[in-house]
Amino acid sequence: MMNEKKSIIIICDSDKNVGLGHYSRSIALKNIIKKNFKNIKVSIIVISNQKKFFAKKIKRVTFYNLNKNISKIIDIQKPTHCFFNLSPKFEKTRFKNFIKVFTDKKIKLIAIDNLFAYKKLLNHIWVPNIFLNSKYKNNFKFSYGWNRILIDERKIVSQKRDNSLLIITGGTDKYNLYKKIPPLLERFFDNPINIRWVIGPFAKKPKIGNTKHNWYLYNKPSNLRKIYSKSSVAFVLFGVSFFEIVNYSIPCSVFSPKNKEDRSLEDEIGKKFYISNNLKFVIKNLFKKLQNIKKENFKAKKLAKLIDFKKRDVYIKKII
């Protein structure tokens, strides 16, 4: 552990369009910092007009008088570091004006998976992903890879996995998977199975209709560990949840809607995992995985080791 007296703020945004990915990564980042440093105050500031979904200890500011309110927080907390964990939407529409708050202040500025266009104004850019465009790879300000993934390290829950399929569609489900997936499950899964569907805070309940399966719906669950721990295979939309599923050694099939991700990133994921833009193909692949569950479990346990938390701890000490 290290003992430098520092103050860190993590700024993220979240709403029904952005989802909760940046917020959950901010929670993970705070946990990583607190794990590796003593006596460092870490505060999360969520920019959102939503009043729900955030922990009581989290500071929330609205878009109204945003710069003024953030300036007040900086004056009070006097942070030595600021992490920007912001959405592409915020970057395009607000960041050019927002960065003025930090002008001439002695604060180390670190971006999380964004703000590439502002790299000259930043001290570092942390890319919590396994792909980085080649034009940035040799830039010392950028860092990425399996040892940079921003999730909480798995806490093992001893629980037997049943014959179940886990569905993770994200915090918003902006691709309307709530009505597209259920009929495909009825079509391609002949025998009854347990379906565990995690409903994000901005998402709708799945349209189940007539079904032969056993459905378990989890509406904004506070603890995903138990749900993950008893799930046999998982459908996951590519994003933060994908890496969480990998970490829990759950065989998964990954859905990546067209134009959502860089094609080179999809190719990189496809080297070790099944990923497709075609929803039907993803569901059919999940059926195959359940049919060969022993083989898939063995493979998933090996793949979980790709995420290197020890090297990530070394990394966090270097950039703070």
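Helix α6, residues 177-188, has 12 residues and spans 16 Å from its first C-alpha to its last, close to the 16 Å expected at 1.5 Å a residue. The model described here is predicted. Buried positions in α6 are Leu177, Tyr178, Ile181, Pro182, Leu184, Leu185, Glu186 and Phe188. Their packing partners are the strands β8 (164-168), β9 (194-199), β10 (214-219), β11 (233-237) and β12 (252-255), together with helix α10.

**From α6 to α10**

The loop between α6 and β9 contains Asp190. With a relative accessibility of 53%, Asp190 counts as exposed, the cut-off for that class being over 50%. Not counting residues up to four places away in sequence, Asp190 touches Lys212 and Phe287. The C-alpha atoms of Asp190 and Tyr118 are separated by 52 Å, and the two residues are 72 places apart along the chain.

Phe287 belongs to helix α10 and is partly exposed, at a relative accessible area of 24%. Once neighbours within four places in sequence are set aside, the contacts of Phe287 are Phe188, Phe189 and Asp190. Among these, Phe188 is one of the buried residues of α6, and Asp190 sits in the loop between α6 and β9. The C-alpha atoms of Phe287 and Leu165 are separated by 9.3 Å, with their positions 122 residues apart along the chain.

**Helix α11 and its neighbours**

Helix α11 covers residues 293-304; its 12 residues reach 16 Å from first C-alpha to last, which is close to the 16 Å expected at 1.5 Å a residue. Its buried residues are Glu296, Ala300, Leu303 and Ala304. These cover an arc of only 95° around the axis and therefore lie on the same side of α11. In general, an α-helix has 3.6 residues a turn, so residues three or four places apart point the same way.

The face of α11 turned away from the buried side carries the exposed residues Lys294, Lys295, Phe298, Lys301 and Lys302. The buried residues of α11 pack against α8 (240-247) and α10 (279-291). Helix α10 is thus named as a packing partner both for the buried residues of α11 and for those of α6.

**Helix α8**

Most of α8 is covered, with 6 of its 8 residues buried. These are Ser241, Phe242, Phe243, Ile245, Val246 and Asn247. Glu244 is also part of α8. Leaving aside neighbours within four places in sequence, Glu244 is in contact with Ile151 and Tyr228. The C-alpha atoms of Glu244 and Leu66 are separated by 32 Å, the pair being 178 residues apart along the chain. After α8 comes Ser249, which has a positive phi near 60°.

**Two aspartates with positive phi**

Positive phi values also occur at Asp104 and at Asp113, although neither is a glycine. The table sets out their backbone angle, location and accessibility.

| Residue | Phi | Loop | Relative accessible area |
|---|---|---|---|
| Asp104 | about 65° | between α4 (95-98) and β5 (108-112) | 78%, exposed |
| Asp113 | about 60° | between β5 and β6 (124-127) | 32%, partly exposed |

Strand β5 borders both loops: the loop of Asp104 lies between α4 and β5, and the loop of Asp113 lies between β5 and β6.

**The crossing of α1 and α12**

The axes of helix α1 (residues 21-36) and helix α12 (residues 309-319) come within 10 Å and cross at roughly 80°. That angle makes α1 roughly perpendicular to α12, a class that runs from 65 to 115 degrees. On the α1 side, the contact is made by Leu29, Ile32, Ile33, Lys35 and Asn36. The α12 side contributes Arg312, Asp313, Ile316 and Lys317. Sorted by class, the contact holds 4 nonpolar, 1 polar and 4 charged residues.

Conventions
Residues numbered from 1 in each chain as written. Predicted model: local features only at pLDDT ≥ 70, side-chain atom pairs only at ≥ 80, totals over all residues. Heavy atoms only, no water. Helix = DSSP H or I, 4+ residues; strand = E, 2+ residues; numbered from the N terminus. Expected span 1.5 Å × (residues − 1). Buried < 20%, exposed > 50% of the residue type's maximum accessible area, 1.4 Å probe, protein only. Arc of directions from axis to C-beta. Contact = heavy atoms within 4.5 Å. Axes fitted to C-alpha atoms, helices over the stretch in contact; angles between N-to-C directions. Parallel < 35°, antiparallel > 145°, perpendicular 65-115°, else oblique. Nonpolar A, V, L, I, M, F, W, Y, C, P; charged D, E, K, R; others polar.
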